[in-house]
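Reader: I would like to go through the charged pairs in this chain one at a time. Please show the model and begin with a partner in one of those pairs.

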Amino acid sequence: MRRSELAYDRHSDCSTDAEDDETEWRRITSSPRNARSSKLANSPNDPKPMKVSFGPQSTATGSAPEAQAPTSTDAEVPITRKLSNAPDDLTFSRIWRLAGDEMEVEDRDSRHHSFKKARVHADLEEESTAGGVALPPLTRPPPLMRITTGGGRERTLSTFDAYMTACETMWGVIIFLKFGELVARGGVGLALCVLAGATCVQLLNCLGLSAVATNGHHNGAYNLLVANLGPTWGATTSLLYYLGMSALATVEICGAVEAFDLMLQQQEGPGYVTSSAYYDTGLIGSVALVALATVRGHNSHLVHKIGLLVLAAFGLTLSATLLGAASRGSLATLGSNMAPPHGLARVTYADVSLMVTFIFPCFAGINQPVNKAGELRTPFVSVPRASIGAVVTSACVFTLILLAIGSTKPLAQIEASDFILDTYPSKYVGLIGTIIVGVGSCVSCLDVAPTILQTIAADGVVPGFQRLGLHRLSGGHAEPQRATAFTCALAIPFAWLGGIELVALAAAALFLQMYFTMDVCCLILAALRSPGWRPKWPRIKPWQAGLAALLCAVTMLVLNPLLMPWVLVGSLATAGAISLLSGGQELGSGDAIVGLQYSVALQALHSMREEISLAFGSGAERFPLRWRPQLLVVVPSAVADDALDETEADAEASVLIALAHSLKEGRGLTIVATIASPPEKQALSPFGHVVATRARSNYAVASAAVTHAKLFAAAKQRLEALAADAQLSCFTDATVSSNYNTAVGVMMNCVGVGALRPNTVLIGWTLRRGGKEERPPIAARRAAQAMRALEKALSYDKAVLLLAHRHSDASTFLSTPSAQRAPETIDIWWVSHDGALPLTIAHLLTIHEALSHCAIRVFMWIEQREAAAIGSDVASIETRVRHFLRIFRLRAKHVEVVSLARTPLGETAEARALHKEAQLNEAMVSRTTASTLLLITNLTAPSALHLAQPLTYGDVLEAACAGLPPVLFVCGCAGELHYVD
């Protein structure tokens, strides 16, 4: 692997303009070796790597021709990623680029935080879709003096920026408007205890969130949830977060309206703008939501400016509150207000629930640093520090406010007051500050919620969101205007619920459900200790994450005992609806869910005792009711660069996969496999079979390995496409070998693990379309491959299903739904009576919905000497067969015993086999009707000549299947083989 070495001087001037650095980058990447989009390798005459050094004397050495440098008008292509994949699924080249983005030297005195960094780019082949990540061509990479994320935004935010963003969301109107009511209901002591409990819960949630957030690069809460929980559960949990932020926006604006009414009540005249507080909250709150949503939809940068104003107003209001408590309050009053007004024994569940309802939503901003992770210079450090620091700071601020309220007035006066804050110099300072804080917090929530909704809609996981246009960015500033309008329309009904208590309760429940899901995710990752679990900080223990999840559940029960079941049921229903409406998408595919599934599957596999009796085809004879077929479908491979052969191979594979799909009601393992051949020269030998000679190649060993890898990948993709077309849920496997005999034997013995090993091999044999035309080499090769697979399956004691068919007969085989078919039958010709595998296969086929309309007819083929040995006539044997089918619990429409009166003639076993198959075929043709869909009979054992000359065995199958619909030859073990003496 060739790499470009970039040397740099860390002590060089860091104040160079970004334009100069971009020009320098273009000069460095002007050669095809560093422009990955050109996909050109080095010249063979210049094996030495190119070396480039920054500085005034930088020169580039190397004989690679220079490519045209990209112009300054080239649009920077963002890096897109399927959000359903975890970040650790990135290709090596992408990880290397991310590593280069983190190499920086910060200049804290510089406004632009410019830096010099080194980057080493691997000259690898472009992987446009590897691992679910679409990598753009690096025709215009980011300048060296700027760190950019996948969306093209600059990483300019510091830890303090993330910290203030979290605090801005936490410091809302509730702490000024409702904390006095909490003190009046339960006293300062109980309010502080509830505050301490909520702080502990959120600190544990911060630990779990920080561990998951630092376990890879996540740009936003939705990205983090999808990476760990999969698209369905990630979208469901993100919707809970979105609904919680929407409800919190309504809480803030309704609180501001309530503070405005209180300010009107301080003056003479009507105390409300309308006739009552309810209509004030509903009408004014709705109008304010529309106005603020319009501001946010126009330009989100105005939200950040409003945030600065809100922080200033919050600081002034907090200072006025503390000054008022210092000037008018006393420690004696605080001490008398510590206990509840009517005693601790009189505190009710409703009092505690109300405290939790208003205190817990005040800590709802711990996810804000995660939302800003794509813009943080050091996200692994900033996210934990910002979230934990915001929780600790907010807890201290809330404690000061509770103490200030409790020290100003006795509890009786606090309970009688409309507005509790005794700010300095007057109440209007607190009221105006509360209004400003409420409006600003509402705008902040309206900034977060539409962004989450737009991200969910852009991922396309939730059906219908893109039809509404919620994924679009519009306007002059590319804002999610439709998502903002949708959020506003969703938040307005909350304003008409009559007070903020119910809305705050809903917001608290939604946030707690999200935190609970995140803690469970962290618990799974920490307990499983998968290789991808590498959090930067903290090294959380499983019991810590479990304790956090337990405390979230307890807190939700304290809010309302009936609320937690409803939220859980709503979450499960939402996940199920998303999975169902999106086309049966899996409920979980993230790191945590996949790790849990893998662990459970591994434990279940170890606990499953591998019964040797059921692992082979002989189990169908010994335990016909318990035995289930675990299929290995061996499909033919096509010759390279032969379109006709590829079409015929796919047609035969489709028939076999359709039959395997009909046998899936056996609830067993299904593996579809093929053996691809490397480039070979094929010739038809005089004996009628293919003699394959490996073509002499001038490629090196590495080139041969690359060729094998490409053949393997192509074969896997072909099998997966065929299985997807047939809607068959199965595993696929492939191998590349020039020795088909050895490869098919290894595949039969090596695929699967433990009890999940194939015990049945499904093989296809395409019959001639008619006549005695000369057999082409392709047909001979297919016959040889089928014979080798049949030989290995019999020698390894596998049950064999050999489907003999013609393409014309199989074109509609198992392809029409049962509702559109006329009544059809499946005929069983029971020739070998040592096993019941034909009956078992017929039973499994009729369970499937596509063949549930088919009736079963059983024909027992018996020779005259066998009837004489039994000592019974045909009628007695038929009665015995009916009793056997009743015990076997197989419903048969028709049962008949067919006796062979003539002895097969011929000098050799092969000739006698042909004669006997002709007699059996004559009996089958005479009893086959137009409604017969499939015949099932025992397999005739191949002789040594058949193994040496596979096409002679094809003559036996031709004789057996002449004039018949597709025939399925079955063999459960060596005892069930149909031998001809």
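Author: This is a predicted model. Arginine 296 has a relative accessible area of 2%. Buried means under 20%, so arginine 296 is buried.

Reader: Which residue forms a salt bridge with arginine 296?

Author: The closest N and O atoms of the pair are 3.1 Å apart. A salt bridge needs a side-chain nitrogen of Lys or Arg within 4 Å of a carboxyl oxygen of Asp or Glu. The partner of arginine 296 is aspartate 447.

Reader: Which helices does that pair link, and how many residues apart are the partners?

Author: Aspartate 447 lies in helix 14, residues 427–459. Arginine 296 lies in helix 7, residues 277–298. The pair links distant parts of the chain, and the separation is 151 residues.

Reader: Is aspartate 447 buried or exposed?

Author: The relative accessible area of aspartate 447 is 13%. The cut-off for buried is under 20%, so aspartate 447 counts as buried.

Reader: Which residue forms a salt bridge with arginine 782, and where is that residue?

Author: In this salt bridge, the closest N and O atoms are 4.0 Å apart. Arginine 782 is in helix 24 (residues 777–795), and 130 residues separate the partners. Arginine 782 is buried at 14% relative accessible area, and its partner is buried at 4%. The partner, in helix 21 (residues 643–662), is glutamate 652.

Reader: Which partner counts as partly exposed in the salt bridge between arginine 185 and aspartate 351?

Author: The two side chains meet at 2.6 Å, N to O. The pair joins helix 5 (residues 179–213) to helix 10 (residues 349–359), 166 residues apart. Aspartate 351 has 9% relative accessibility and so is buried. At 31%, the partly exposed partner is arginine 185.

Reader: How many salt bridges does the structure hold?

Author: Side chains of opposite charge can pair when their charged atoms come close. The pairs above are among the salt bridges in this structure, and the total is 11.

Reader: What share of the residues in the chain count as buried?

Author: The secondary structure comes to 31 helices and 17 strands. Among contacts with a separation of 6 or more, residues 24 or more positions apart account for 81%. The chain has 981 residues, and the share that count as buried is 52%.

Reader: How much area does the chain expose?

Author: Carbon and sulfur atoms supply 59% of the exposed area. The total is about 43,700 Å².

Technical notes: Residues are numbered from 1 along each chain as its sequence is written. This is a predicted model: local features need pLDDT of at least 70, side-chain atom pairs count only at pLDDT 80 or more; totals for chains, interfaces and linings use all residues. Side-chain values use heavy atoms; hydrogens and water are left out. Helices (H or I, at least four residues) and strands (E, at least two) are DSSP runs, numbered from the N terminus. Buried means under 20% relative accessible area, exposed over 50%, partly exposed in between (1.4 Å probe, protein chains only). Contact means heavy atoms within 4.5 Å. Accessible areas come from the Shrake-Rupley method with a 1.4 Å probe; for residues, only the protein chains shown count as cover.
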